[in-house]
Amino acid sequence: MKVYDNDIAEILFNRDEIKERINELGVQITADYNGEEVFVVSILRGSMLFVADLVRKMDLPVIMDTMAVSSYYDGTETSGKVKINKDLESSITGKNVLIVEDIVDTGITLKFLLEMLKVRGAKSIKICSFLSKPSRRKTAVDIDYIGFDIEDYFVVGYGLDYNQKYRNYPHLGRLKEENIKGLGNVKRSSNCFRFWWSI
């Protein structure tokens, strides 16, 4: 996509690699649920493109809903305080819940989310994340399905943004440091300014 080409330092995964990995995840998820209905919870906004492609590769009956989660930050580090900005509109009681996220970073917000959903009576809860940053993890969380593990780069594209831009970039790219303002040490920064869904 020419409009963004000069802003990207490096393409980590191109659109074909992303498509291939999503196909693999769809096959794996389909096999694991063995025909059972899945209640897919998309965490807004970064997972929108990922979840749209993923569910079309799942040969299963699917129900979809969305949540928006805020994690408050002191500078560039999470305080651990979490707020639900948009809750589910349907009950998950007795459902097989699959949380779909764009990126798992510290794991703090995701742990909160898991604990909250567990008390709502789900039959099972699993996690699928497009990306994972293991080096940033501050609390242990089990991710059942991972698209790609990445180093601690500030990445954009395929739904992930910087200041709401680059979501429609078809690849996953590392943003040039000169295009990121006010983040201090960019190389070690997560996409923490995406408060409403970064976990």
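**How the labels are earned**

Reader: What marks residues 73-78 in this predicted model?

Author: Their pLDDT (the predictor's confidence in each residue, from 0 to 100) stays under 50, and the model has 15 contacts (heavy atoms within 4.5 Å) for them beyond four places in sequence. Residues 182-199 also stay under 50, with 69 such contacts. Where pLDDT is low, the predicted coordinates should not be read in detail. Chain-wide, the average is 86, and 85% of the residues score at least 70.

Author: Some ground rules: residues count from 1 along each chain as its sequence is written. In this predicted model, local features need pLDDT of at least 70 and side-chain atom pairs 80 or more, while totals for chains, interfaces and linings use all residues, and side-chain values use heavy atoms, without hydrogens and water.

Reader: Why is Tyr158 called buried?

Author: Buried means under 20% relative accessible area, exposed over 50%, and partly exposed in between (1.4 Å probe, protein chains only). Tyr158 has 7%, so it counts as buried. Its phi is positive, about 50 degrees, although it is not a glycine.

Reader: And what makes Gln164 buried, exposed or partly exposed?

Author: Its 34% relative accessible area makes Gln164 partly exposed. Gln164 also has a positive phi, near 70 degrees.

Reader: How do you know where the buried residues of helix 2 point?

Author: They are Ile18, Ile22, Leu25, Gly26, Ile29, Thr30 and Tyr33. They cover an arc of only 130 degrees around the axis, so they sit on the same side of helix 2. The arc uses directions from the helix axis to the C-beta atoms. Asp16, Val27 and Ala31, on the other side, are exposed.

How values were computed:
Helix = DSSP H or I, 4+ residues; strand = E, 2+ residues; numbered from the N terminus.
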